[in-house]
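Colleague: Please take a close look at one part of this model, a buried polar residue and the side chains around it. I would like one connected account.

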Amino acid sequence: MDMNQPVSVLLVDDDAMVRTGLRMILGGTAEVSIAGEAENGAVALEAVGKTRPDVVLLDVRMPVLDGLATAERLLSQPNPPAIIMLTTFNTDDYVLRALKAGARGFLLKDTSPAEMLDAIRRAAAGEPVLSPQVAGQVIAAATAQERVDAAAKQNLDSLTTRERDVARLLAEGRSNQDIAHELYMILATVKANITRIFLKLEVDNRVAAAMRIRDGGGIPKD
């Protein structure tokens, strides 16, 4: 997309008050334009075809066609919009399935306006979006529920001790600045470690790395 143009966003939620709130938060900024609204996944599919938004904010639980099914259908199409799932704490496994389908990330519905705007800009630019408030719970829940993947475990075992420290925090949704602060590293060193982690885990973004770490059984804190 043209980064000089506002990011067009489609709001999809079965709660009209939530849509109104999101419109008020996002519609008053120069960085975002509201492409439209939809009250369920079926309506959202039609709206995407008509408006071609850059980003879809997609509620997880909806009638008629839920968020996961909607995300899977949208992401199976050529040149799909970036999908950001809107979720609550009790939908961790559901959102993980959406991430596997190719959703760009997920946010809590009560995410601050500044954080939501930043997430939308990042998603439109092709970056993954992991809400720090729930990333740890999502990865922990999936680790507890699914069998360890042998290949992913082998990838994790190839990490150095320092890379494992960085990877653990990355999987929790922590920013590079947070990682640098907690591990007493300079930002350039954090970035270098993340580059090596991506290479060893055979991934190319933070969401995929978090999923790979989860599949490998996670990285406990020493």
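Modeller: What follows starts at N155 and works outward to its partners and then to the protein as a whole. The model is a predicted one.

N155 is found in helix 7, which covers residues 150-157. N155 counts as buried because its relative accessible area is 11%, under the 20% cut-off. Its side chain makes a polar contact of 2.6 Å with the side chain of R212. Neighbours within four places in sequence aside, N155 is in contact with K200, L201, E202 and R212.

Two of these partners, R212 and E202, also pair with each other: they form a salt bridge in which the closest N and O atoms are 4.0 Å apart. This pair links distant parts of the chain, with R212 in helix 11 (residues 206-215) and E202 in the loop between helix 10 and helix 11, 10 residues apart. E202 is exposed, at a relative accessible area of 63%. R212 thus has a polar contact with the buried N155 and a salt bridge to the exposed E202.

K200, another contact of N155, lies in helix 10 (residues 187-201). K200 is partly exposed, with a relative accessible area of 27%. From C-alpha to C-alpha, K200 and A152 are 9.9 Å apart in space, while 48 residues separate them in sequence. Neighbours within four places in sequence again aside, K200 is in contact with N155, S158, L159, T160 and E163. With E163 there is a polar contact between the side chains, at 2.8 Å.

Helix 8 (residues 161-171) holds a salt bridge between the side chains of D165 and R162, with an N to O distance of 3.7 Å. D165 and R162 are about one helical turn apart, because 3 residues separate them within that helix. D165 counts as buried at 18% relative accessibility, whereas R162, at 34%, counts as partly exposed. A further salt bridge joins the side chains of E172 and R174 at 3.4 Å, N to O. E172 is partly exposed, at 27%, and R174 is partly exposed too, at 23%.

For the protein as a whole, the salt bridge count comes to 17. There are 11 helices and 6 strands, and buried residues make up 47% of the 222 residues. Of the contacts between residues at least 6 apart in sequence, 67% join residues at least 24 apart. The accessible surface is about 10,700 Å², 51% of it belonging to carbon and sulfur atoms.

Technical notes: Residues numbered from 1 in each chain as written. Predicted model: local features only at pLDDT ≥ 70, side-chain atom pairs only at ≥ 80, totals over all residues. Heavy atoms only, no water. Helix = DSSP H or I, 4+ residues; strand = E, 2+ residues; numbered from the N terminus. Buried < 20%, exposed > 50% of the residue type's maximum accessible area, 1.4 Å probe, protein only. Polar contact = N/O pair within 3.5 Å; in protein donor to acceptor, adjacent residues only side chain to side chain. Contact = heavy atoms within 4.5 Å. Areas by Shrake-Rupley, 256 points an atom, 1.4 Å probe, with all protein chains shown as cover.
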